[in-house]
Amino acid sequence: MSHNSTLKHAEAAAQFINDEPRTNWHDETLWFVRQKRDKAAHGLPEWEQLREWASQVKNHTLSNLDNYLKEFESKAQDNGVIVHWAADAEEHNRIIYDIIAHHKIKKIVKSKSMLTEECGLNEFLHTKGIETVDTDLGERIVQFRNEPPSHIVLPAIHLKKQDVSDTFHEHLNTEKGNNDPQYLTEAARQHLREKFIESELAITGVNFAIAETGGFVVCTNEGNADMGAHAAKIHIACMGFEKMIPRAEHLSVFLRLLARSATGQPITTYSSHFHKPRQGQEMHIVIVDNGRSRQLGRADFRNSLKCIRCAACFNTCPVYRRSGGHSYHTAVAGPIGSILNPNIDMRANADLPFASTLCGSCSNVCPVKIDIHDQLWKWRQVLVAEGYVDTTKKVGLKGMAFLLARPGLYRFAGKAGRAVMRLFPWIVNNKLNPWYKQREMPAPPKQSFRDWYLQNKKQ
Amino acid sequence: MSARETILKNITANKPELVELPSIDLNAVIQYSDLVQQYKTVLQSIGGGTVELQNLASLKQELESRVAKGDFVVNRIAALGEVSDSLASLTADELAAVDTAYLQGAVAVAENGAIWLYESQMGNRLLPFICQHLVIVIERKNIVPTMHHAYKQIESAKEGFGVFLAGPSKTADIEQSLVIGAHGARSLIVYIIG
């Protein structure tokens, strides 16, 4: 993947906030999306009941997942769809490459699929000399710029319209300095229509896969998944195995929640139900594990697999809004990414569960009731126990544990600390104290709570 | 062991104890006093237009005059006149020139403005997406309150493809500015008949 995996979240975030007006804009824009979500959610009196149903349907599905996957596979095969299984990202990429190579395909369009981002499909195909055209507008913009998406629903949310205008001027020869979103979108429409019409193979993601019918649903607002899939002679749909739901009737619950949680829309413009290839078309489904079965075995973390990728937890997160998606250096950023990615690679993603204030807002907006902030806290414990946190954090935590286990020493340290802050404030108010960075130290209290309590309890 | 066997074996070993499915109680979901009004309000809020008609006469006239003018329109509704049957063989390149497609919708959903279209109502899967403008006709009696009701009324797996379509194609990927007409239809007018 083209992510800069050497930079940890805190360092990348520090770079992001160097541009203060842009940081504020990013923060406010995502908060605006969160407010639209609230308005949509409050419009339905049964919202909490819907979340509960969705959560229970997903819990049930995870508890019977092997049977549902077999049922899905067999129904899909009856429908004339070719089903593949991939244990990891490498196998997923190879399966797709083999289909491309077998048919000698040159022209490929792809609609948004976070799974293919997770697997690094574009980069893999590039090494084989095959170029894929991303067709979601936001994804096309970041693809031109050779950047990964910064948000799973709004891939180019880190960019301003001037940035898009410059990018399109360079790649699509649009008028320099014309920043009108209408004009820029029209240019992309014309450019991508050509790509759709000439494409031979379309890759899409999957939002929901239905065990009962062997079908799958893809949701977009732009219509790019459909333009690709219905024009090309081969359609490959890629899905993590957790996309499964038992029956078509359960789609009602999830389609009511998904767009309202994501953007505040009552539903996406297109909720497309694919069951059989059209006459003369070849349709493939690739079912991917890539660490998911391991996550299923972690009782504390398995319900992260209920996620429907709405990104409500991104939009509400005070850390995401002020650090940007790229600082998470993974395909899925934000709070949900921070509990999914340590499972994929604990060492590389050990910083992510710490990129949170544990305020719990993510869990409150989650449409399938994943206890995201609890899991962030639990991952921290796992990562420390496994030795994946850096030395300063480890030494700090060890020192704190030593101190807290010795009440006499704790009381002495408190007294000494208060005296130091009162008499020699420069000892703590300097750059060597990381806590002082972007914060004022609090005014030292005259006495500790314990002293105050001992003094006052008799009254 | 194949990937399939390994994955299924790991899932069987790691899955939690069986949890029951919830039952969806339709009495718990929102009710609308006026389904048509609710439908119209929501569709307008997502960029679509609505027209209420007693019957198809005026729409038929409009279609005839557009055909006479030489506009590339595709009609899939028998009650409006001759139906374009040979769509399945048209290429994407040919369909891209379609100005307006006239389609019959099966069910419309008051809570979100969506309309269910079966593949047989499209004639070609690509048509509702690639045409520049879209006209959909629905029967007043086929407007249902919510998605729960809609899934009871349709058979989503009956044909090879089907879609819930809500409004014209749109995007807000450039600085969250809403633009109508991303890749799919630039406009949608829904005629409510009866």
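In this predicted model, an open sheet of eight strands runs in the order β8(A)-β5(A)-β6(A)-β9(A)-β8(B)-β5(B)-β4(B)-β7(B), and its pairing is mixed. At the edges stand β8 (244-245) of chain A and β7 (143-144) of chain B. Each has a single partner strand, so one side of each is left without a neighbour in the sheet.

Strands from both chains meet in this sheet: β9(A) stands next to β8(B) in the order. Their pairing is antiparallel. Within it, Ser272(A) lies opposite Val163(B). Towards the chain B edge, β4(B) pairs with β7(B) in the parallel sense. Here Ala108(B) faces Ile143(B).

A second open sheet belongs to chain B and has five strands, ordered β1-β11-β6-β3-β2, with parallel pairing. Its edge strands, β1 (49-53) and β2 (73-75), each pair on one side only. Neighbouring strands are turned by 20° against each other on average, direction ignored. In the pair of β1(B) and β11(B), Gly49(B) stands opposite Ile189(B).

Three strand pairs are set out here.

| Strand pair | Sense | Bridges |
|---|---|---|
| β9(A) (residues 270-274) and β8(B) (residues 161-165) | antiparallel | five bridges |
| β4(B) (residues 107-109) and β7(B) | parallel | two bridges |
| β1(B) and β11(B) (residues 187-193) | parallel | five bridges |

Helices lie across the five-stranded sheet. Helix α2(B) (residues 35-45) crosses β1 and β11 of chain B, at about 150° to β1(B). Helix α3(B) (residues 57-69) lies across β1, β2, β3 and β11 of chain B, at about 140° to β2(B).

The contact between the chains takes 74 residues from chain A and 61 residues from chain B. On the chain A side, helix α10(A) (residues 181-198) gives the largest share, nine residues. That side divides into 33 nonpolar, 26 polar and 15 charged residues.

Methods
Residues numbered from 1 in each chain as written. Chains lettered and ligands numbered in written order. Predicted model: local features only at pLDDT ≥ 70, side-chain atom pairs only at ≥ 80, totals over all residues. Pairing = 2+ DSSP bridges. Helix = DSSP H or I, 4+ residues; strand = E, 2+ residues; numbered from the N terminus. Contact = placed C-beta atoms within 7 Å. Nonpolar A, V, L, I, M, F, W, Y, C, P; charged D, E, K, R; others polar. Axes fitted to C-alpha atoms, helices over the stretch in contact; angles between N-to-C directions.
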